[in-house]
Amino acid sequence: MKTIFHIDMDAFFVSVEELLDPSLKGKPVIVGGKGTERGVVSAASYEARKYGIHSAMPLRTAHQLCPHAIFLDGHMHLYKEYSDKVETVLRSFSPLVDMASIDEAYMDMTGCERLWGPPLQAAHRLHEAITAKTNLNSSIGISTSRLVSKIASDQAKRNGILWIVPGTEANWLAPLEVKRIPGVGKVTEKQLATIGIKRIRDLAQLDERFLLDRFGKWGLALAGKAQGKDAGGWFDSEIGSNDDPKSISHEHTFTEDTADYKQLRATLVRLCEKVMKRLRDHGFHARTVQLKLRFEGFETITRAKSLGDPTDIDRDVIEAILNLFDTNWPKGRKVRLLGVHVSQFTDQAPQPSLLTGEADSKWRAALKATDKLKDKYGEGTLHLGGALKGVYKDRVHEAAPKDPIKKPNQ
Ligand SMILES: [Mg+2]
């Protein structure tokens with residue numbers, strides 16, 4: 001039987017902002033940009049949430065709901081710094097840590113009793129250590145599975161610890177709403193509601209066969225989850241072994257829709273560079289690239305291309321993406337959002353090609369050098385040409401729904 005902790009920082013971005021400016025405390029604060037801008041809310045303080053504001057909501061909507069809220073651009077590099085501090089504390093308690101996103105992590109604490117005491121005591125020590133190192137509040141859920149620990153940390157908010165004693169998982173889950181299950185979004189929630197399933201208890205009583213017929217594999221996973229098991233996709237993997245995303249993507253929403261060819265291309269180059277940096281951090285090569293194009297008025301298309309040989313070199317992906325863009329962008333049509341997505345990973349480099357082998361190794365050497373600088377000084381510091389005009393403000397959510405590292409496979 002395992003002992004799994006889920007650690008979730010409380011209102012992370014906003015709390016870091018409060019460290020910078022304590023006068024923000026207790027006020028409705030929104031991180032993500034100005035209330036008149038087109039982007040979305042990255043994070044909202046508890047005070048702001050009382051007005052119904054939540055992350056991923058358009059900034060303008062947030063502004064309508066709470067005109068007197070304080071809107072901040074945010075300090076991504078600082079959030080990253082604090083996130084790293086948290087991770088360092090976690091790793092001093094157990095070597096098996098998965099940072100699921102910038103502000104949450106899973107830890108396998110199985111067998112750590114001798115060092116840190118029984119689970120609840122260990123959690124209190126950990127909680128204290130996080131506060132001591134960061135001055136930030138966090139919540140910790142403890143159970144025998146990732147799933148239950150994640151739900152528990154949410155129920156433990158704010159600044160709390162909740163331990164679901166082994167054997168009581170299903171009972172504890174029973175009265176909770178199905179949307180508490182990670183991965184159950186609005187769509188699944190609605191589908192379940194149409195067949196009268198509102199609570200996890202209702203779900204647990206359904207026949208697995210029925211769920212399989214109705215929802216396919218996701219239905220089977222749901223059946224397991226309702227029992228408090230780490231069923232399905234990403235939740236099945238071992239903590240510490242799964243730093244491997246299945247795909248990596250970055251997107252950019254323009255503040256104003258644009259049809260400026262140069263700007264669009266430069267932005268794509270920049271997105272490719274970010275995606276490829278992360279790909280190399282994981283030691284992967286990607287075989288498929290995908291372009292996402294959202295036009296003025298929200299019509300969205302995605303176009304994918306297989307590269308033949310898997311690659312970890314920016315050049316290859318940039319070439320493919322720009323090609324996709326050129327063939328799919330109706331000239332002059334205004335674009336609202338661009339996205340670059342790579343998938344189908346291998347962790348092995350392909351055989352060096354006779355044609356491009358030498359150029360490839362030069363590229364790799366150059367990329368290695370820039371990656372190092374980026375690690376040291378941050379993503380925004382260095383671009384390999386082309387991307388300069390695409391410099392823009394990054395929009396990252398505390399719990400980025402698209403983050404492949406976080407998202408459980410359905
Ligand atoms: Mg959080």
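This passage describes the fold, the metal site, the nonpolar cores, the cavity and selected backbone features of a predicted model.

The chain has 410 residues, of which 48% are buried. Its secondary structure consists of 15 helices and 12 strands. Among the contacts with a separation of 6 or more, 67% join residues 24 or more positions apart.

A magnesium ion is bound by three protein donors, namely Asp8 (OD), Met9 (O) and Asp103 (OD), at 2.2 to 2.3 Å. Along the sequence, these donor residues follow the spacing D-M-x93-D. Distant parts of the chain are thereby linked, with Met9 placed in strand S1 and Asp103 in the loop between S5 and S6, 94 residues apart. Met9 and Asp103 are both buried.

The largest nonpolar core comprises 34 residues, and the most contacts inside it are made by Phe5, Ile7, Phe12, Leu90, Met107, Met109 and Leu126. At least two residues of this core are supplied by each of strand S1 (4-9), helix H1 (12-20), strand S2 (29-31), helix H4 (76-91), strand S5 (97-101), strand S6 (104-108), helix H6 and strand S7 (138-143). Helix H4 provides the largest share of the core, with six residues. Another core lies apart from this one; it has 30 residues, including Ala286, Phe295, Leu324 and Phe345.

One cavity of 30 Å³ or more is present in the structure, and the largest cavity contains about 50 Å³ of space. Its lining is formed by Thr3, Phe5, Met109, Cys112, Glu113, Trp116, Gly117, Pro118, Pro119 and Ala122. Of the lining residues, seven are nonpolar, two are polar and one is charged. Helix H5 (113-116) and helix H6 (119-134) each contribute at least two residues to this lining. Phe5 and Met109 occur in the cavity lining and are also among the residues with the most contacts inside the largest nonpolar core.

Helix H7, spanning residues 146-156, is mostly covered, with nine of its 11 residues buried. The buried positions are Arg146, Leu147, Val148, Ser149, Lys150, Ile151, Ala152, Ser153 and Ala156. Beyond this helix, Lys157 and Arg158 are joined by a cis peptide bond, with omega about 0 degrees. Arg158 is situated in the loop between H7 and strand S8 (161-163). Asn159 also belongs to the loop between H7 and S8, and its phi is positive, near 60 degrees, although the residue is not glycine. With a relative accessible area of 33%, Asn159 is partly exposed.

A positive phi, of about 80 degrees, is likewise found at Ala56, another residue that is not a glycine. Ala56 occupies the loop between helix H2 (46-49) and helix H3 (59-65). Its relative accessible area is 40%, so Ala56 counts as partly exposed. These backbone features stand out against the general pattern, in which most residues other than glycine have a negative phi and most peptide bonds are trans.

Pro175 lies in the loop between helix H8 (169-173) and helix H9 (186-194). Pro175 is partly exposed, because its relative accessible area of 37% falls between the limits of 20% and 50%. Apart from neighbours within four places in sequence, Pro175 contacts Arg199 and Arg201. The C-alpha atoms of Pro175 and Lys198 are 9.3 Å apart, while the two residues are separated by 23 residues along the chain.

Note on methods: Residues numbered from 1 in each chain as written. Predicted model: local features only at pLDDT ≥ 70, side-chain atom pairs only at ≥ 80, totals over all residues. Heavy atoms only, no water. 1 Å grid on protein atoms, 1.4 Å probe; cavity = no way out; pocket = protein on both sides within 12 Å on 5 of 7 lines; lining within 4 Å. Points joined across faces, edges and corners; volume = space filled by probe spheres on them. Helix = DSSP H or I, 4+ residues; strand = E, 2+ residues; numbered from the N terminus. Nonpolar A, V, L, I, M, F, W, Y, C, P; charged D, E, K, R; others polar. Core = buried A, V, L, I, M, F, W, Y, C linked by side-chain atoms within 4.5 Å. Buried < 20%, exposed > 50% of the residue type's maximum accessible area, 1.4 Å probe, protein only. Contact = heavy atoms within 4.5 Å. Donors = N, O, S within 2.8 Å, 3.2 Å for Na, K, Ca; no water.
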